[in-house]
Amino acid sequence: MTRKQILLAAAALGLCGAGLRAGSAGPALVDAPSPRREFRGVWVATVDNIDWPSKRGLPVDQQKQELITILDRAAELRLNAIVLQVRPACDALYRSDLEPWSEYLTGKMGQPPVPFYDPLEFAVAEAHARGLELHAWINPYRAHHPSAKSEISDNHLSKKRPELVRQYGKHLWLDPGDPQVQKHSLDVVRDLVARYDLDGIHMDDYFYPYKEKDAVGTTIPFPDDPSWQKYVDAGGTLSRDDWRRENVNSFVKRMHDVVKAEKKWVKVGISPFGIWRPGHPPQIQGFDQYSELYADARKWLVEGWVDYWTPQLYWPIAQKAQSYPVLLKWWVEQNPHGRHVWPGNYTGRVGDGSARAFPVEEVSNQIQATRDQAGATGNVHFSMKVFMQNRQGLNDTLRSGVYAEPALVPASPWLDGKAPDAPKLRRKKTATGDTEVVWSNGGREKAWLWVARFKSGQAWTTQVFPAATTSRALASLPAGTEAVALSAVDRCGNESPLATLSLK
């Protein structure tokens, strides 16, 4: 295509602007490559101190440094999103008037960090400074985890509203069938979205609890007789199992609506168990979340109550009864609204010492299988610990292979389909006489990220910078850089037209 044809096509799409104006840097810059679009997320679990903090009650400076090290490692790996667990069990790893401070942070439930800081506020700022999205991961119904050791504080829900909480095996659990439970958890979601500059709200696979057994191996029934009886007395006609499923359905939809009412651009993501029901598709066998967790997960995707979908596909590619690519293809086919499908990967299986440990190649192959599946555009890794340990050289394999180049989070056009204006781009002499390339927003909308392409001969190098980075010294550019092509990306992933600059 000639340059004139490119400009005419861009004009027809409304893309003409500073980025493609004639004479800005010569025809070759129009061929600047587009970055890969791929979600590269990682779960950072706080329950039982799986990933962060490494221990309860660490000094604040050490907590912060550990989190910074995690974020730096994620950026080095060219990941682009952190999914941080901030509400493990009706507690908070952030300042909250609704629930107590988590013991996984300070060692004692209800005890704030001293000297005081807000870990979530800190995490959001530090993640964004590195160009990483920060998604707040909550557990909507778990009220107390057996790994907890400290005394339950007086402002915990089990003390303030004991009628909402059930003892279930070794856990305390909120009753999803009680409307006041839904209200409380929705209030938590609303509070998080309103007060923090989050990129997403995330829930995993815990809705009604996984079944527990007593000392002789008998399954313990979930103790929701009071809420069930209220439903029946009010004229409810659903079976008990269907009623439980509808309780969860209602919460998922309302949670989505609460988030969008506060901030439309904040993505809603759910990571259900990877199998909807055995036999879907036909070769699949295993746990039935529909009947065991009362989670009709397929419905939430079909109804469009999410912005991204992260089924936990924790099995190897070759395991026929739970095949990774077969399940992924099936989930993509259940997606009439075209929401993002970003499967979860059990990356922590690499070098874990178990009989089911993954070789490093399994992770790379699963990422490639995701790329090969039309309609799937990313992965979320469980969990950060494997990357912090670089087990079996996993980090090096990914950085030199499937994650060799940076990637942008795929755009979410149903949230916002309007691209920002092309940025302003120029060269500038500094006070010391050096030369740098500087850029700024081209319109009212502020950039979330900048994508810079540096041209050396026929080769291009692409780098992604956070919004606060607005200049680069010529001496720091890739060797032999002759020209620069720059675009702005907004919070919903929309990319602007190019601004271009010749350095010849």
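**Figure 1. The whole chain comes to 14 helices and 21 strands.** The model shown here is predicted. Its chain has 504 residues, and 56% of them count as buried. Along the principal axes, the C-alpha trace spans about 80 × 55 × 45 Å. How does the radius of gyration of the chain agree with that of a compact globule? With 504 residues, such a globule would have a radius near 23 Å; the chain has 24 Å, so the two agree.

**Figure 2. An open sheet is formed by four strands.** The order of the strands is β18-β17-β20-β21. Their pairing is antiparallel. Which strands stand at the edges? They are β18 (459-466) and β21 (499-502). Each edge strand has a single partner, so one of its sides is left without a neighbour in the sheet. On average, neighbouring strands of this sheet are turned by 20° against each other, direction ignored.

**Figure 3. Strands β17 and β18 run antiparallel.** Strand β17 covers residues 449-456. Eight bridges join β17 to β18. One place to look is Ser456, which stands opposite Ala459 in β18.

**Figure 4. The largest pocket holds about 820 Å³ of space.** Its lining is made up of 32 residues. Which of them lie nearest the centre of the pocket? They are Tyr206, Gln312, Tyr314, Tyr346 and Phe382. By class, the lining has 15 nonpolar, eight polar and nine charged residues.

**Figure 5. The second largest pocket holds about 510 Å³ of space.** This pocket is lined by 29 residues. Nearest its centre lie Ala75, Arg78, Arg130, Pro406 and Val464. Three elements, α2, β14 (407-408) and β18, each supply at least two lining residues. Which element gives the largest share of this lining? Strand β18 does, with five residues. β18 is also an edge strand of the open sheet in Figure 2. The lining of the second largest pocket divides into 15 nonpolar, six polar and eight charged residues.

**Figure 6. The structure holds one cavity of 30 Å³ or more.** About 50 Å³ of space lies in this largest cavity. Two elements give two or more residues to its lining: α3 (103-106) and β5 (142-144). The lining residues are Ala89, Asp91, Ser102, Glu103, Tyr104, Met109, Ala143, His144, His145 and Ala148. How many of these residues are nonpolar, polar and charged? Five are nonpolar, three are polar and two are charged.

**Figure 7. Trp52 and Pro53 are joined by a cis peptide bond.** The omega angle of this bond is about -20°. Where does Pro53 lie? Look in the loop between β2 (39-44) and α2 (60-76). Helix α2 also supplies lining residues to the second largest pocket, shown in Figure 5.

**Figure 8. His280 and Pro281 are joined by a cis peptide bond.** Here omega is about -5°. Pro281 lies in the loop between β9 (267-270) and α9 (289-292).

**Figure 9. Asn390 has a positive phi, although it is not a glycine.** The angle is about 50°. Asn390 lies in the loop between α13 (384-389) and α14 (394-400). Gln392 is found in the loop between α13 and α14 as well. Gln392 is not a glycine either, and its phi is positive, about 50°. How accessible are these two residues? Asn390 has a relative accessibility of 24%, so it counts as partly exposed. Gln392 has a relative accessible area of 55% and is exposed. The cut-off matters here: exposed means over 50%.

**Figure 10. Lys213 sits in a loop.** The loop runs between β8 (200-203) and α7 (225-233). Is Lys213 buried or exposed? Lys213 counts as exposed because its relative accessibility is 57%. How many residues lie between Lys213 and Pro478 in the numbering along the chain? The two are 265 residues apart. Their C-alpha atoms are separated by 61 Å.

Notes. Residues numbered from 1 in each chain as written. Predicted model: local features only at pLDDT ≥ 70, side-chain atom pairs only at ≥ 80, totals over all residues. Heavy atoms only, no water. 1 Å grid on protein atoms, 1.4 Å probe; cavity = no way out; pocket = protein on both sides within 12 Å on 5 of 7 lines; lining within 4 Å. Points joined across faces, edges and corners; volume = space filled by probe spheres on them. Nonpolar A, V, L, I, M, F, W, Y, C, P; charged D, E, K, R; others polar. Pairing = 2+ DSSP bridges. Axes fitted to C-alpha atoms, helices over the stretch in contact; angles between N-to-C directions. Rg over C-alpha atoms; globule rule 2.2 N^0.38 Å. Buried < 20%, exposed > 50% of the residue type's maximum accessible area, 1.4 Å probe, protein only.
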